[in-house]
Amino acid sequence: MFRNSIRTRLMALVLLATVIPSGISVTFSYLYTKESVTEQAVKQNRKLLTLGEANLSSYFSGINERALSLYSGINVPGSFYTALLTAKDPDDPAAAALPDNRGVMSTQLYNLFLSDRNIYQIHLFVRVGEQSNLLLGGLFRRERNDLYRPMPGPGNSNRPFVERTHLDHQYGVKSGFPNLKSGTVPVFTAHFPIYRTPSDEVLADLSIDYRLSGLEDIAKSMYGPDTERLYVLNEQGEALYASDPDWIGKEVTAGWSNLPPGVESGHLAWNEDDFQGIVMFRHMDSPLFKGDIIKLVPYGDLYSDARTITRVSTGIGIVFLILGGITAVLISIGFTRPIKKLISFTQKVQIGQLDAYMDAEREDEFGLLTRKITGMTQTINNLIVKEYRLEIANKTNQLKALQAQVHPHFLYNALQSIASLSLRYNAPKVYDLIYSLGSMMRYSMNTERTRVPLRDELEHVEHYIMLQQERFGEENVRLDMEIAEEALCIHVPKMMLQPIVENIFKHGFADGIRHGVIFVSCILDAEGRLAVTVRDNGKGITPERLEEIEAGLMILGRTEVEEIGLRNVLARIRLQMNEEAKMLLQGDSGNGVTVRLLIPLDKDNGEQRSGES
């Protein structure tokens, strides 16, 4: 412990500073000056990259906003977006009755073309009819383009993205453009899918080619062209821009391009391949472009001033000043580095990242303090998770306590006696209703089972609907079911469906029931999840109320609501089956409400289902 003490290190450092021979003073002076110059250069370049990243993000945001302007006429007849919605295949006989939207599309594309002087050409591919609309140099061409296929985004997604820099092409359009030869202008392309809102169906694919002049103006403000190099790389490591024109549009494979994962910005020293110097980097994460800005600053540019200062500062008096300065810097760095790490760690904890972790690399007091703080935050995080699970268990115990307030055997025997009496007086309908009520009470009061086969849950719902039909009339309440055979044996939390169906009568039919239909579907989807859907044709729900309910489902820890509602159902499913379970709600005023449960099945449920089948 004494050997690793900070006090011991400081004493040793001061002792060494007093006995170092004066002959090596120049070396220490050079090292100190080089370190100072490096720190200043790193700070300055960090500010430049921060400003450049902000300018690039603003630049790409402007591109994204111009593309989003195409949605401005979403509900206006005769608008560009309406033209896309009503687009038909030219080979479809019904398309002849629709007005020609060529003028609408060409005008909208031309306005978009004039919004930015760096736009080279615009291509709009309408998927219905495989129609290409190309605007180049103020000239508009439209034709059927069977061979064109939209470029997929990163990871085969449909999100907007920027394609790496390439020579221009005319997207397979065969119509010629006078005096405009393709393959001569370097451009980068912003691709935007145009959706049929609010679904994820893609109506058309918009591709805008931009000249590099706007991007070059921003990039040139971040580096000195004489000695420094700058690269703007996308997620795949391809150069959208490079100070060396030979790298533009190509994949950069140099070792310095392999940046540390999960780090937003920083720098590192590099002494391999064809470069020796400091590598500065900053990550970009805008909606349209995700990538990195990398700047290479060579050592020769950094240390030229350091060598000059070192030659001048050779004197006995200056020697001791430099030694004192070096000692102060080393002591300061030794103190502040672990303190800064602790401050960064505590900031993460302060904003709620209780699962954050910091390696204790040192064996001194700072290392001990780091391990203690890390252990404390882990303990707090575990206590919070434990408290949440205890709260869910407490809710279950409260439910069981309420169920146990009525002695079940007395109720079963009393209902059986009443049912027998109804048969004696030739009232089979009364017997059926009493049997349904008794089955529901027996099912709900049995606290020994927390998970039951889905078949039992569906039978419990049928008994509940039978009682409601007697109350409101069979002509006004109808239950439709669509159940997959392989789903019946899956074990689910008890009382999972009945609270959802009960909400329909409380809220969906609160103003009266007439020709009410409740639809229940239980299937296994393509991902092997149990998909349970409960839908009604009641009065529906307002968007404001739907948003309020969905917000409540996101914070399952609330305890002020004591009834067995949607929040309780979802909490028990996640606790007893899978934490990835989801509850989705859909509906609007006058069209009923749909509640959909998506429950990933664990290994036990999967084996049991296979055994039953």
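This report describes helix H13, its packing against helix H14, and the surroundings of Asn101.

## Basis of the model

The structure is a predicted model, in which local features need pLDDT of at least 70 and side-chain atom pairs count only at pLDDT 80 or more, while totals for chains, interfaces and linings use all residues. Residues are numbered from 1 along each chain as its sequence is written, and side-chain values use heavy atoms, with hydrogens and water left out.

## Helix H13

Helix H13 (helices being DSSP runs of H or I with at least four residues, strands runs of E with at least two, numbered from the N terminus) covers residues 543-554. Its buried residues are Leu546, Ile549, Gly552 and Leu553, where buried means under 20% relative accessible area, exposed over 50% and partly exposed in between, for a 1.4 Å probe and protein chains only. The face of H13 turned away from this buried side carries the exposed residues Pro543, Glu544, Glu547, Glu548 and Met554. What covers the buried residues of H13 includes H14 and strand S17 (582-587).

## Contact with helix H14

In the contact (heavy atoms within 4.5 Å), Ile549, Gly552 and Leu553 of H13 meet Leu566, Arg567 and Leu570 of H14.

## Asn101

Asn101 lies in the loop between helix H3 (80-85) and helix H4 (102-114), and Asn101 is buried because its relative accessible area is 15%. Leaving aside residues up to four places away in sequence, Asn101 touches Ala83 and Arg142. Asn101 and Ala87 are 14 residues apart in sequence and 8.3 Å apart in space, C-alpha to C-alpha.

Note on methods. Axes are lines fitted to C-alpha atoms, for helices over the stretch in contact, and angles run from 0 to 180 degrees between N-to-C directions.
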